[in-house]
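Here is a short note to read beside the model. Please keep the sequence in view as you go through the points.

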Amino acid sequence: MIEHALPKPAIRVVLVALAGLLRDIVRQRLELEPDIALVGEVRDSRFLQGVLVNTWADVVLCTVTGRNAIDAYPALFADHPKLKLVTVTDDGRGYLCEPLGDVSPQSLVETIRRAAMR
Amino acid sequence: MRVAIVTHIRLYGEGLADALRRRGIDVVATAADKEAALDGVARGRPDVALVDVAAPDGIATVHALASEEPSVKVIALGVTETERDVIACAEAGAASYVSRDGSLESLGQTLRRTVDGELHCSPRITAVLLRRVAELAPQPAGVSVRLTAREREVVALIHNGLSNREIAAQLCVELSTVKNHVHNILEKLGVGRRTQAAALVAEQRR
């Protein structure tokens, strides 16, 4: 009997980040990972709804700070119950969260993998 | 090109180091505060130090590096291009200023231009710096330049023969405001009477 290993599907990530250095840094880092596919980028979580419908994202990675950044998520989780959120801000309010000051590019990637497996 | 990166935010420090290395730039030191920056620069001998001025000791780090390591060009990495921040960095000795709003691509350009001794910055920052130079420039000789624009206006009206009450009406201000202006004008010009002040200023203009 021959078993064919199925290709492991990549973790599909949508990035929420303002244009700038942080977004460029995170994008470049994710592009290096073979098991992670960056399928969308928005600058504000208010624009996520439209992107999620078309991208089948597993994880939203949010680097935007402030209350508004998080307020959109409860409604998104209602529509996409399997979606995971990773934030690098201090106001994650119960979602997977690491403070921006402490997170390294490597740990960010690992957090995305952990979130996707939950 | 050899670069040192100073930031208290790990994602920026490690992320920028990775990104710059992939662009062929030699990152010789990364540091999280002023002491580590001075140490890292002394050991790594970079051409450029990129210093995150959002850190609590960011401006102090720019100043320390600029004064103690004059061969190293310091680029301030700010949050946004506010006038106050840009001027504070320039006064601390920064050779250039970039904001986090910019792209990695433009940061790479700024690094290269700064090593060549050029200032690569946005038109907005150029405007801020030129305004500041004008503010600091020595003022031309002549008494009228020591008066504010409003005071010069008042002196011109005195010269035209208007009373304080008439000046107040013309400028749509209270009489007491005009009296204050006149008081300040007399004091600045060192004269006792308003007509003397008007004559003195008229004399300067000739």
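The points below take up confidence, one helix, the nonpolar cores and a pocket.

1. This is a predicted model, in which local features need pLDDT of at least 70 and side-chain atom pairs count only at pLDDT 80 or more, while totals for chains, interfaces and linings use all residues. Residues are numbered from 1 along each chain as its sequence is written, chains are lettered from A in the order in which they are written, and side-chain values use heavy atoms, without hydrogens and water.

2. Chain A has an average pLDDT (the predictor's confidence in each residue, from 0 to 100) of 80, and 78% of its residues score at least 70. Within chain A, confidence is highest in strand β1 (residues 11–16), at a mean of 93, and lowest in strand β5 (residues 96–97), at 58; strands here are DSSP runs (E) of at least two residues, and helices are runs (H or I) of at least four.

3. Helix α1 of chain B (residues 10–22) has 13 residues and should span 18 Å, and its end C-alpha atoms are indeed 18 Å apart. Its buried residues (under 20% relative accessible area, 1.4 Å probe, protein chains only) include B:L11, B:L16 and B:L20.

4. The largest nonpolar core (buried Ala, Val, Leu, Ile, Met, Phe, Trp, Tyr and Cys residues joined through side-chain atoms within 4.5 Å) has 38 residues, and B:L16 and B:L111 are among those with the most contacts inside it. The element that gives the most to this core is α1(B), with 6 residues.

5. The largest pocket holds about 430 Å³ of space.

Definitions and conventions
Expected span 1.5 Å × (residues − 1). Buried < 20%, exposed > 50% of the residue type's maximum accessible area, 1.4 Å probe, protein only. 1 Å grid on protein atoms, 1.4 Å probe; cavity = no way out; pocket = protein on both sides within 12 Å on 5 of 7 lines; lining within 4 Å. Points joined across faces, edges and corners; volume = space filled by probe spheres on them.
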